[in-house]
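Biologist: I should like a close look at a single part of this model, namely the surroundings of the ligand. Please describe which residues and elements take part there, and how the ligand is contacted.

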Amino acid sequence: MDTTRSPTASPRHRLSTRRRAGSQAHHHPAHDLHEHGVAAIRNFLRCHTCYDAFPVSFRLIVLDTKLTVKKALQCFLLNGVVSAPLWNSQTSSFAGMLTVLDIIHLIQYYYRTTDFERAATEVETFRLESLRAIERHLGVAPPPLTQEHPSNSLFDAAKLIIQTHARRLPLLDSDSETGQQVVISVLTQYRLLKFISINCHKEIQQLHLSLKRLRIGTYVMSPSPDPSNPYFPLATAKMDTSVFDIVHIFSERSISAVPIIDEDGVVLNMYETVDVITLVRLGAYQNLDLKIREALTQRSSDFPGVVICTASDSLGTLLQLIKKRRVHRLVVVEGEEEEKRGGKKGRLLGIITLSDVLRYIVGHADISEPRMKPSTASTEAPSSTPIS
Ligand code: ATP
């Protein structure tokens, strides 16, 4: 993997192409090997519980629904987290998850209706328990109240995450004495994929087929059915788009990032929901008026960078990358192959998020595959240290 600097001085990382199998015919040995690898990974997930994927030690931050949004945001920033389970202390029960997207919806709601100053005060004094009413008002899908018992299988947990678009799954048990709910942990898409990448080393090496061929991710349609957006169905922005316009896109489409492109569609950077949260920290809501060009200069210096790949990179390479670093999404750009056909190196082709990868690994969520014979399945206990 080689690391390059993007024109906006934010580090970009290129996913190396180890093997190009995108043009292989069906039932070719490479295809069979790939299918075998995927089946073994599914079986691995069926044979392990959510408990198995727990890190050796972890912190769990649970927020009371009576807290104000301001306090919750401070808590996110202080602890470096982007989501937390909510707890209703009146009923002593779990009350769903608070995520960055909830905050984005809230900003969208207030800034559509009022001026910056009032909005800032109102956003900050707003209590978490009333967030669901805002989401209903905006007509956006409410976050699912999904939960799972930690001793259920990782395969069922992954299926639930995909079916409900939950992105993260709170794991709940009940206290044997009081019968009360107890939040044990939260299983994220990243932790699930990292657990696979650590423990299914052999299987991952079999995943030779390309990301584009496997249709993992969302790709630009050619020709575009929407004359106003040549990159349809991708939502993109330019350096002079305002942060608030991007907040609107995030809220309307319930997505977490947009690629920032130039006039030719070449990817310059990426803007994410977490960037918005750091931008409005300390109540600086007027920053939403900034252009992306200016907002990017306020990004913290430990921003991990934008990861780019080409359509011919393989799923195996991507999982190897997930093992090494905390990557949440990749931008797919045109590479040498596209350039030969008149394309332009670095031009936007697609976006791949962790839910896209997990959806592929779980397969069609309603299929129930027969278990593999023990001799071919990877059912042994995790061979390396779980994620910490
Ligand atoms: P998280 O929000 O925690 O990163 P996720 O993995 O579901 O979770 P999202 O950004 O919410 O990531 O993506 C949801 C779906 O929308 C995915 O299928 C992804 O390919 C697609 N998507 C993501 N970003 C864009 C975009 N800018 N334009 C169009 N589709 C996108």
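Modeller: The following account begins with the shell around the ligand and ends with a patch on the surface. The model is predicted, and the values given here are computed from it. There are 19 residues around the ligand, and those that come nearest are Arg 167, Thr 218, Ser 256, Ser 355 and Asp 356. By character, this shell divides into 9 nonpolar, 6 polar and 4 charged residues. Three elements each supply at least two residues of the shell: strand S9 (257-261), strand S13 (348-353) and helix H14 (354-362).

Individual atom pairs give a more detailed picture. Arg 167 places a polar side-chain atom 2.5 Å from an oxygen atom of the ligand. For Ser 256, a polar side-chain atom lies 2.3 Å from an oxygen atom of the ligand. With Ala 257 the contact involves the backbone: one of its N or O atoms is 3.0 Å from a nitrogen atom of the ligand. Taken alone, the ligand exposes 610 Å², and the protein buries 87% of that area.

As for the surface, Phe 58, Leu 60 and Val 62 make a nonpolar patch of about 210 Å². Leu 60, one of these residues, is found in the loop between helix H1 (29-46) and strand S3 (63-64). Leu 60 counts as partly exposed because its relative accessibility is 32%, a value that falls between the limits of 20% for buried and 50% for exposed.

Conventions:
Residues are numbered from 1 along each chain as its sequence is written. This is a predicted model: local features need pLDDT of at least 70, side-chain atom pairs count only at pLDDT 80 or more; totals for chains, interfaces and linings use all residues. Side-chain values use heavy atoms; hydrogens and water are left out. A residue is near a molecule or strand if one of its heavy atoms lies within 4 Å of it. A polar contact is a pair of N or O atoms within 3.5 Å; within protein, one must be able to donate a hydrogen and the other to accept it, and residues adjacent in sequence count only if both atoms are side-chain atoms. Accessible areas come from the Shrake-Rupley method with a 1.4 Å probe; for residues, only the protein chains shown count as cover. Helices (H or I, at least four residues) and strands (E, at least two) are DSSP runs, numbered from the N terminus. Ala, Val, Leu, Ile, Met, Phe, Trp, Tyr, Cys and Pro count as nonpolar, Asp, Glu, Lys and Arg as charged, and the others, Gly among them, as polar. Patches are made of residues with over 30% relative accessible area and no salt bridge: like charges are joined within 9 Å, nonpolar side chains (Val, Leu, Ile, Met, Phe, Trp, Tyr) within 5 Å. A salt bridge is a side-chain nitrogen of Lys or Arg within 4 Å of a carboxyl oxygen of Asp or Glu. Buried means under 20% relative accessible area, exposed over 50%, partly exposed in between (1.4 Å probe, protein chains only).
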